[in-house]
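This briefing goes through a structural model topic by topic. The sequence and the structure come first, and the notes follow.

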Number of protein chains: 2
Amino acid sequence: MPVITIKDIARRAGVSVATVSYVVNQTRYVSPELAIRVRNAIEELGYSPNANARSLRQKNTQMIGLIVPDSSNPFFAEIAKGIEDAGYDKGYSVILCNSNAQIERELVYLDLLRSKRVDGIIFIATSNHVEHIRPFATAGIPVVTFYRDNPGLDIDTFRIDNFHAGYIATRHLIYLGHREIACIQPASAITPSAQRVEGYKKAMEESGLVWDEAIMPRGDNRVGGGKDAAQSLIKSGRNFSAVFSTNDAMAIGAMRVLRSLGYKIPQTISIVGVDDIILASYTEPPLTTVSQPKYEAGSQAVEFLIQRIEGGYDQGPRNIVLDINLVQRESAIQYEQILEC
Amino acid sequence: MPVITIKDIARRAGVSVATVSYVVNQTRYVSPELAIRVRNAIEELGYSPNANARSLRQKNTQMIGLIVPDSSNPFFAEIAKGIEDAGYDKGYSVILCNSNAQIERELVYLDLLRSKRVDGIIFIATSNHVEHIRPFATAGIPVVTFYRDNPGLDIDTFRIDNFHAGYIATRHLIYLGHREIACIQPASAITPSAQRVEGYKKAMEESGLVWDEAIMPRGDNRVGGGKDAAQSLIKSGRNFSAVFSTNDAMAIGAMRVLRSLGYKIPQTISIVGVDDIILASYTEPPLTTVSQPKYEAGSQAVEFLIQRIEGGYDQGPRNIVLDINLVQRESAIQYEQILEC
DNA sequence: CTGTTAGCGCTTTCAA
DNA sequence: TTGAAAGCGCTAACAG
């Protein structure tokens with residue numbers, strides 16, 4: 001079945017293709033009479049303008065590429081949703097690309113997106129190896145990244161203040177009266193989230209408390225790592241009434257083994273995490289954590305991207321630090337012993 | 001900065017644009033000598049073929065549209081991931097569209113996807129009102145849907161056997177020795193998942209057990225609805241040692257109130273759900289449930305879609321029933337009283 | 001073995 | 001107030 005083109009409409013309405021184009025896009029005055037005829041023809045023939053042909057002429061596609069490590073990870077899924085929604089409002093569609101944490105696949109997708117002439121790219125990289133976006137930046141294709149530095153490139157970046165996240169989580173525990181506060185830290189000290197540990201230390205020191213590597217086990221940032229960390233925390237034989245976990249996944253793992261070992265949470269041990277993944281509100285008890293905006297970050301990212309696409313901004317790179325805030329649920333409470341003395 | 005086109009490459013390599021096209025696409029023999037020159041020019045100039053121009057000629061875009069109610073819902077996110085991955089393997093990109101459960105927005109996206117000339121559409125509808133995909137079907141654009149009937153349209157559909165899901169969940173409980181089995185059912189008897197209740201009834205009857213509306217409260221398919229249902233279950237004053245919930249969300253809600261009321265799960269009450277949402281494996285205790293393939297369903301859907309796109313299939317509509325299976329976790333155990341007698 | 005060229009469907013300048 | 005026509009970047013006859 002032949003697809004209806006602008007020519008068919010022109011013929012049917014007895015006008016030129018130019019006129020059809022003008023009424024479709026409302027881009028110059030057309031007499032009501034002709035306009036009606038055109039609209040009728042469109043209606044009758046069921047015409048749908050070919051966006052690709054349009055793009056070819058206008059050199060814009062109203063599409064943005066989104067590269068994420070894993071769109072089924074609730075964290076990224078939430079960001080992606082924010083992007084899609086904001087894009088919809090602004091008239092941009094999004095091409096969804098999962099890198100599956102493979103640099104190779106990031107490269108393939110980057111190429112593909114360039115070929116498809118997307119108007120901009122939101123890139124949540126897997127590694128610190130972000131050199132491969134250089135061609136885009138230099139080719140003048142707007143790019144926004146998350147949680148990465150892009151030295152020397154004119155690219156906006158969204159990040160959170162990891163130090164501060166660790167700091168406010170720990171301060172909360174201290175405020176609740178806890179003095180012996182354990183910390184479950186990431187396996188690697190060079191990841192961005194390792195900064196959260198620094199915030200923890202700062203908060204401790206500020207209050208004249210000591211942090212002690214003996215109760216600062218490392219985990220793999222996943223639920224399993226949190227379980228292991230909790231085990232070693234118990235085995236250490238040290239006292240602690242609270243634990244700060246550098247992310248929710250490990251906090252959840254820790255809660256599980258602590259509970260199975262007979263500890264009551266929060267009655268005997270308080271826990272706070274960071275991230276506010278959806279699971280956090282469904283655990284037993286619901287987890288107190290430091291939340292970072294995900295949906296909002298996504299929509300703000302397209303905002304910034306579109307500014308650059310449409311020429312609303314052409315200064316140097318912007319570094320946006322997302323607001324974070326403590327969400328108090330039920331896994332951390334007042335340290336009662338203080339009162340009992 | 002001017003974008004490099006095929007002409008620039010031709011000029012640089014001293015050949016015709018046709019030759020460039022042929023070496024890029026490997027679509028006819030080109031002498032090694034010229035091929036090298038072309039490849040060098042491409043390398044030097046950083047050429048990226050314009051996929052839109054190509055699409056305009058070839059009348060295919062290597063893109064598929066995906067319409068889901070909410071891509072941040074883990075259930076759809078998982079399906080979407082399967083779609084994206086399979087698409088990647090087959091050389092198709094996916095445009096992500098959230099309908100946010102609004103028919104209006106489904107329509108807008110459907111129009112948009114038509115305009116962008118996607119090669120096919122995977123449509124997970126919000127309502128039973130799927131009439132609006134008719135134009136696509138009749139225009140010959142392949143469409144695959146989930147969980148919906150498309151009477152009179154040549155559209156493939158993926159679904160699960162809801163009756164069977166309810167049946168095997170209930171059979172499992174019976175197999176464990178339970179005889180008084182409550183059922184938390186959906187608010188509406190006409191939704192697809194209401195069939196799960198029929199499966200429950202069948203299993204009960206088959207084993208000579210009676211089902212009783214007094215312990216079959218209705219819920220809104222969400223966690224809150226499960227909580228309410230559990231309350232009314234308790235208020236009914238009837239005995240039951242197990243409950244079958246027609247979905248996981250309600251099962252989780254029920255578990256919560258039952259536990260807060262002092263019931264031990266699974267020691268005093270066993271529970272099984274349906275869906276296997278990710279939360280199910282993180283509850284206390286982890287939920288036994290009937291799982292349906294999500295990732296796999298997604299990739300199978302693109303398989304079918306691409307068959308139609310590329311002419312590998314042109315028979316009538318296909319109705320695919322996805323495999324389901326019981327995943328045993330810790331919320332349902334043997335009914336001990338039987339042994340104690 | 002390679003090049004010339006028409007044309008995909010649209011926008012937009014230029015002319016009337 | 002409208003139309004003719006060039007051209008966006010590419011593919012694929014067709015010709016040589």
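What percentage of the 341 residues in chain A do buried residues make up? In this predicted model, buried residues account for 46% of the 341 residues in chain A. The points below take up the chain as a whole, the relation between the two copies, their contact, the nonpolar cores and the sheets.

**Chain A as a whole**

- Chain A contains 13 helices and 12 strands, and its radius of gyration is 27 Å, well over the 20 Å that the globule rule gives for 341 residues, so chain A is more spread out than a compact globule.
- The C-alpha trace of chain A spans about 95 × 40 × 35 Å along its principal axes.
- Of the contacts in chain A with a separation of 6 or more, 70% are between residues 24 or more positions apart.

**Relation between the copies**

- A turn of 180 degrees, with a shift of 0.0 Å along the axis, lays chain B on chain A with an RMSD of 0.2 Å; the two copies are thus related as by a two-fold rotation axis.
- In chain B, the C-alpha nearest this axis belongs to B:Ile95, at 2.2 Å from it.
- Both copies use the same surface, in that 100% of the contact residues of chain B recur in chain A.

**The contact between the chains**

- The contact draws 36 residues from chain B and 37 residues from chain A.
- On the side of chain B that touches chain A, at least two residues each come from helix H4 (51-58), helix H5 (74-90), strand E2 (93-98), helix H6 (103-115) and helix H7 (134-139) of chain B, and the largest share, 7 residues, comes from H5(B).
- By residue type, that side of chain B divides into 16 nonpolar, 12 polar and 8 charged residues.
- Strand E2 (residues 93-98) of chain A pairs with E2(B) in the antiparallel sense over 3 bridges, and within this pairing A:Val94 stands opposite B:Leu96 in E2(B).

**Nonpolar cores**

- In soluble globular proteins, nonpolar side chains tend to be buried together.
- The largest nonpolar core has 85 residues, of which A:Val243, A:Ala254, A:Ile271, B:Val243, B:Ala254 and B:Ile271 touch the most other members.
- Not counting residues up to four places away in sequence, the residues that A:Ala254 touches include A:Ile184, A:Gly226, A:Lys227, A:Val243 and A:Ile271.
- Apart from the largest core lies another core, of 81 residues, and among them are A:Leu96, A:Phe136, B:Tyr109 and B:Phe158.

**Strands of chain A**

- Strand E8 (residues 242-245) of chain A is covered on both faces, since A:Ala242 and A:Phe244 on one side and A:Val243 and A:Ser245 on the other are all buried.
- Strand E6 (residues 181-186) of chain A runs parallel to E8(A) and is joined to it by 4 bridges, with A:Ile181 opposite A:Ala242.
- E8(A) also pairs in the parallel sense with strand E9 (residues 270-275) of chain A, over 3 bridges, and A:Ile271 in E9(A) is the bridge partner of A:Val243.

**The open sheet of chain B**

- In chain B, an open sheet of 6 strands has the order E7-E6-E8-E9-E10-E12, with mixed pairing.
- Strand E7 (218-219) and strand E12 (325-327) of chain B stand at the edges, each with a single partner strand, so one side of each is left without a neighbour in the sheet.
- Strand E9 (residues 270-275) and strand E10 (residues 288-291) of chain B pair in the parallel sense over 4 bridges, and B:Gly273 stands opposite B:Thr289 in E10(B).

Methods:
Residues are numbered from 1 along each chain as its sequence is written. Chains are lettered from A and ligands numbered from 1 in the order in which they are written. This is a predicted model: local features need pLDDT of at least 70, side-chain atom pairs count only at pLDDT 80 or more; totals for chains, interfaces and linings use all residues. Two residues are in contact if their C-beta atoms, placed from the backbone, lie within 7 Å. Ala, Val, Leu, Ile, Met, Phe, Trp, Tyr, Cys and Pro count as nonpolar, Asp, Glu, Lys and Arg as charged, and the others, Gly among them, as polar. Two strands pair if DSSP finds at least two bridges between them. The radius of gyration is taken over C-alpha atoms; the globule rule is 2.2 Å times the number of residues to the power 0.38. A residue is buried if 20 or more other C-beta atoms lie within 10 Å of its own, exposed if 12 or fewer, and partly exposed in between; C-beta atoms are placed from the backbone. Copies are superposed by least squares on the C-alpha atoms of residues with pLDDT of at least 70 in both. A nonpolar core is a set of buried Ala, Val, Leu, Ile, Met, Phe, Trp, Tyr and Cys residues joined through C-beta atoms within 7 Å.
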